[in-house]
Every structure is written in C-alpha cells, then in structure tokens.
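Visitor: I am new to this structure and would be grateful for a close look at one part of it. Please begin with a single residue and then proceed from the surface to the interior.

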Amino acid sequence: MTGTVADILRFATHDGPGIRTTVFLKGCSLACVWCHNPETIASGPELAYFAHKCVGCGACARACAEGAHRMADGQHVFDRVRCVACGACAEVCLGDALVFYGREMTPEQVLATVLEDRTFYQTTGGGVTVSGGEPLLQPEFCAELLTMVKQEGLHTAVDTCGMVPWEAFDRVLPVTDLFLYDVKQTDPARHRRGTGGDNRLILENLRRLCECGAAVEVRIPLVPGINDDDASVDAAGALLGGPEPIQAVRVLPFNPLARSKYAALGRDDLMPQAPPPSDVELRRVAERLRSFGVNALSGSD
C-alpha cells in the first residue's frame with residue numbers, strides 16, 4: 001500500500017496539541033479560492049517552479065528526459081506542457097527552485113520519519129496529524145498509517161474538510177484521537193461560490209461524528225467577503241452551539257502567504273486581494289460565537 005504525499009512537515013504547532021508531524025496528502029474534494037496549499041488540490045504528482053530561486057545552473061535541463069527544461073542565453077526556460085512530473089529535475093536543483101509534490105510512500109516509510117521526533121511528542125503531548133488537501137480521499141492509507149502511529153503510543157489527528165463519504169470517517173474513527181474539522185460557510189450557495197462544492201455532506205458528516213462521540217475541534221478560516229459578515233458568523237454560532245459535543249471552535253485567519261505557489265504550479269490564483277483579518281477581528285468573531293454557547297477560541301489561543 002502507498003499514499004501520495006505532498007509534504008511532511010516536522011515540528012508543526014498548529015495542527016493539534018503539542019509538537020506534531022503533519023503529513024500532507026495529495027488530492028482535495030474542494031477548491032477553496034483562499035487555499036494556501038494549492039499543491040495538495042490535484043491528486044497526482046506536480047512540479048512547482050519558483051523562478052526567483054533559480055541559479056541558472058542548468059542541472060535540470062541535463063536531468064530532464066522530456067526536454068521540459070532548457071537553457072537559453074543563460075536563462076532557464078520551463079515548458080510545462082512537456083513536463084511529466086517525474087521529479088528528476090527537482091532532485092538535482094541546486095537552488096530549490098524546482099519542488100516535486102506527490103511522492104508515493106508506504107505507511108512504513110512515513111512512520112520512519114514520524115518516529116524521528118518521538119521525544120518531542122512525548123514531552124509536549126504532541127503526535128501526528130494527517131492533512132491535505134483532503135486526507136480521507138486516501139482512507140485506507142490514512143487508516144493504516146494512523147494504526148501504526150497508535151501502536152507506537154502516539155496521539156493522532158485528522159485535519160479534514162469533511163467532503164468525503166461517511167465510510168472514510170468510519171475507517172479511521174477507531175484510530176483517530178482528534179478530528180480538526182473545517183466549517184467554512186453554512187449557506188450552501190455561498191459555500192459553493194467560495195469552495196466549488198456543496199456543504200450538505202460536510203455538515204451531515206460533522207453531525208454523525210458528534211453522534212459517535214468523536215473528539216472534534218471545528219475550525220473556521222475567516223475570509224473577507226466569504227464568511228466574515230455578522231449573518232455568516234451568527235449562522236455558524238447557531239449551528240455549532242447545539243448539544244453536540246464539539247470540544248472547541250477555533251477562528252483562524254486565512255493564510256495569504258502562499259499565493260506565489262499558484263504561479264509556481266501554473267495555476268490561476270482566484271483569491272481577490274484582501275488582507276487577512278486582524279487579531280482584533282478574530283477575537284470579535286470568537287466573542288460573537290460564544291454568545292451562542294460555543295467554546296470559541298481565536299487564532300492560536
């Protein structure tokens with residue numbers, strides 16, 4: 001068994017309790033306009049080219065069997081049409097201008113990386129988080145990896161948008177200590193405009209998770225023009241302030257720092273130019289949610 005891994009981030013501190021290793025898997029069932037991990041949207045391997053990092057060494061042109069890279073007058077020219085995303089060029093790139101997203105890895109290979117930081121997990125109450133994209137589009141891989149992590153006595157978390165069949169949740173429930181669950185917008189039409197997908201399955205899966213007694217922390221990425229208006233906040237409060245055992249609702253700013261990845265991947269960036277919400281705005285929204293009986297936190301509180 002293998003999974004398609006976009007990246008493995010060690011010493012993560014915002015993907016669950018303690019110091020963690022976050023495993024980002026490829027593939028997502030949504031396409032949020034504010035996504036800060038566009039390299040995880042597509043399910044297959046991709047090559048990113050960060051032109052400003054290129055040192056003009058020509059190693060990529062010599063490594064590429066498809067002729068996707070060439071040097072012209074001392075300048076690197078990348079023909080994405082010819083690229084088959086094999087990753088050979090990224091392996092020899094001296095300036096980290098070429099980054100390959102989409103390694104096929106076994107659960108055992110990922111676990112070996114995870115266990116290198118066992119001491120940090122044990123001393124901080126940390127562990128391992130599978131994220132994406134949408135990690136539960138690879139449910140068997142997630143279940144196998146999380147089972148191995150649990151056998152090592154470590155905390156496990158799944159960071160999910162919820163847009164997957166319930167069977168995927170059912171597969172990982174026995175080996176998941178915490179679900180980090182995105183609720184972006186409660187209104188179906190506005191959710192579709194911002195993410196490309198309907199939210200009915202997302203909200204239904206959240207309800208079922210809570211009924212199962214799973215530990216759930218809801219995360220609301222606050223995005224200007226998408227869900228920061230009072231009506232959207234109140235609707236989220238009414239939904240999340242019910243009797244279901246949601247541990248906490250964390251209001252987070254959308255991340256504007258990854259927009260350069262879109263150009264590097266040859267993707268259109270559809271996010272309007274907008275500043276992320278301030279700490280004051282995050283606290284205001286959290287306070288408004290608390291008026292509905294929600295255990296709301298702002299930012300990294």
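Guide: Aspartate 73 has a relative accessibility of 82% and therefore counts as exposed; the term applies over 50% relative accessible area, while buried means under 20% and partly exposed lies in between, with a 1.4 Å probe and protein chains only. The model is predicted, so local features need pLDDT of at least 70 and side-chain atom pairs count only at pLDDT 80 or more, whereas totals for chains, interfaces and linings use all residues. Residues are numbered from 1 along each chain as its sequence is written, and side-chain values use heavy atoms, with hydrogens and water left out.

Aspartate 73 is placed in the loop between β4 (69-72) and β5 (75-78). Strands here are DSSP runs of E with at least two residues, helices are runs of H or I with at least four, and both are numbered from the N terminus. Although aspartate 73 is not a glycine, its phi is positive, at about 55°. Phenylalanine 11, likewise not a glycine, has a positive phi of about 60°. Phenylalanine 11 belongs to strand β1 (residues 3-12) and is partly exposed, its relative accessible area being 43%. Another backbone feature is the cis peptide bond between glycine 132 and glycine 133, with omega at about 15°. Glycine 133 lies in the loop that runs between β8 (127-131) and α5.

Helix α5 leads to the interior. The largest nonpolar core has 64 residues, and those that touch the most other members are Val23, Val110, Phe179, Leu209, Val218 and Leu289. Helix α5 (residues 139-151) supplies the largest share of this core, 7 residues. Such a core is a set of buried Ala, Val, Leu, Ile, Met, Phe, Trp, Tyr and Cys residues joined through side-chain atoms within 4.5 Å. Apart from it lies another core, of 11 residues, including Cys60, Cys64, Cys89 and Ala97.

Val110, one of the core residues named above, also takes part in a helix contact: Pro107, Glu108, Val110 and Leu111 in α3 meet Phe141, Glu144, Leu145, Met148 and Val149 in α5, where contact means heavy atoms within 4.5 Å. This contact divides into 7 nonpolar, no polar and 2 charged residues; Ala, Val, Leu, Ile, Met, Phe, Trp, Tyr, Cys and Pro count as nonpolar, Asp, Glu, Lys and Arg as charged, and the others, Gly among them, as polar.

Leu289 is likewise a core residue and belongs to a second helix contact. The axes of helix α9 (residues 230-240) and helix α11 (residues 279-290) cross at roughly 45° and come within 9 Å; the axes are lines fitted to C-alpha atoms over the stretch in contact, and angles run from 0 to 180 degrees between N-to-C directions. α9 and α11 are therefore oblique to each other, since angles under 35 degrees count as roughly parallel, over 145 as roughly antiparallel, 65 to 115 as roughly perpendicular and the rest as oblique. From α9, Asp230, Val233, Asp234, Ala236 and Gly237 make the contact with Arg284, Val285, Arg288 and Leu289 of α11. By class, there are 4 nonpolar, 1 polar and 4 charged residues.

Leu289 is also among the contacts of alanine 296, together with Val249, Ala286 and Arg290, when neighbours within four places in sequence are left aside. Alanine 296 is in strand β13 (residues 296-298) and counts as buried because its relative accessibility is 2%.
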